[in-house]
Amino acid sequence: MALRNLTNWNDPLFRKKSRPVEKFDERLWALLDDMLETLRYVGGYGCAAVHVGILRRAIVIDDDSGVIEVINPIFIEQSGGTQEVQEGSIAPGAPHGMVVRPQTVTVSGFDRNGDPITSTGSDFLAATFCHEIDHLDGILFTDKIINRI
């Protein structure tokens, strides 16, 4: 595992759409491991591959229940109404603000070995899923901000 440099918040890379992961191999595993190490080093909760300069559809979330890795994630359900969540980013130079997100989301995709997975998250975990998957589509939370902090 290795620490990777984080993409600056103002880098145009964040506005590009990430490509699907096609190979579930040692390079992907190293990327996921490095994303987690980098995320933990900066004390964050979620990391999309674009945070470390890679335009691939991969996210890593590190929360109280453990590490969640989802490759090629898609939303399959949103429920429970909405919530206002304070968001920021591990990207250097990122602002903070309040964003409206679904209360609960279910995401499907693949694990690091290419096996199908489904994960449901509520509250802050749901917001984190939304935030990181938005990054894969070139969408920033500031596009949805309702109140800058």
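**Figure 1. Overall dimensions of the predicted chain.** The radius of gyration of the chain is 14 Å, which agrees with the value near 15 Å that a compact globule of 149 residues would have. Along the principal axes, the C-alpha trace extends over about 40 × 30 × 30 Å. Two helices and six strands make up the secondary structure, and their order from the N terminus is α-β-β-β-β-β-α-β. When contacts between residues at least 6 apart in sequence are considered, 67% of them join residues at least 24 apart.

**Figure 2. Surface and charge of the chain.** Of the 149 residues, 49% are buried. The exposed area of the chain comes to about 7400 Å², and carbon and sulfur atoms contribute 48% of this area. The side chains include 14 positive and 21 negative ones, with a separation of 9 Å between the centres of the two sets. Nine salt bridges are found in a search of the whole structure; several of them are presented in the views that follow.

**Figure 3. Surroundings of Ser18, in the segment before helix H1 (26-42).** Ser18 has a relative accessibility of 5% and therefore counts as buried. Leaving aside residues up to four places away in sequence, Ser18 touches Leu55, Arg56, Arg57 and Leu136. One of these contacts, Arg57, reappears in Figure 6 as a salt-bridge partner of Asp137.

**Figure 4. Salt bridge between Arg15 and Asp143.** The closest N and O atoms of Arg15 and Asp143 are 2.7 Å apart. Arg15 belongs to the segment before H1, whereas Asp143 sits in the loop between helix H2 (124-136) and strand E6 (145-148), so the pair ties together parts separated by 128 residues in sequence. Arg15 is partly exposed, its relative accessible area being 44%. Asp143 is likewise partly exposed, with a relative accessible area of 42%.

**Figure 5. Salt bridge between Arg40 and Asp62.** In this pair, a distance of 2.7 Å separates the closest N and O atoms. Arg40 is part of helix H1 and Asp62 is part of strand E2 (residues 58-63); the bridge therefore ties together parts that lie 22 residues apart in sequence. The two partners fall into separate accessibility classes: Arg40, at 49% relative accessibility, counts as partly exposed, while Asp62, at 16%, counts as buried. The assignment of Asp62 follows because buried means under 20% relative accessible area.

**Figure 6. Salt bridge between Asp137 and Arg57.** The closest N and O atoms of Asp137 and Arg57 are 3.0 Å apart. Distant parts of the chain are linked by this pair: Asp137 is in the loop between H2 and E6, and Arg57 is in the loop between strand E1 (46-48) and E2, 80 residues away in sequence. Asp137 counts as partly exposed at 29% relative accessibility. Arg57 counts as buried at 11% relative accessibility. Arg57 also touches Ser18, the buried residue of Figure 3.

**Figure 7. Network of salt bridges involving four residues.** Salt bridges link Glu87, Arg101, Asp134 and Lys144 into a network. Asp134 falls within the range of helix H2 (124-136).

Conventions
Residues numbered from 1 in each chain as written. Predicted model: local features only at pLDDT ≥ 70, side-chain atom pairs only at ≥ 80, totals over all residues. Heavy atoms only, no water. Helix = DSSP H or I, 4+ residues; strand = E, 2+ residues; numbered from the N terminus. Rg over C-alpha atoms; globule rule 2.2 N^0.38 Å. Buried < 20%, exposed > 50% of the residue type's maximum accessible area, 1.4 Å probe, protein only. Contact = heavy atoms within 4.5 Å. Areas by Shrake-Rupley, 256 points an atom, 1.4 Å probe, with all protein chains shown as cover. Lys, Arg positive; Asp, Glu negative; His and termini not counted. Charge placed at Lys NZ, Arg CZ, Asp CG, Glu CD. Salt bridge = Lys/Arg side-chain N within 4 Å of Asp/Glu carboxyl O.
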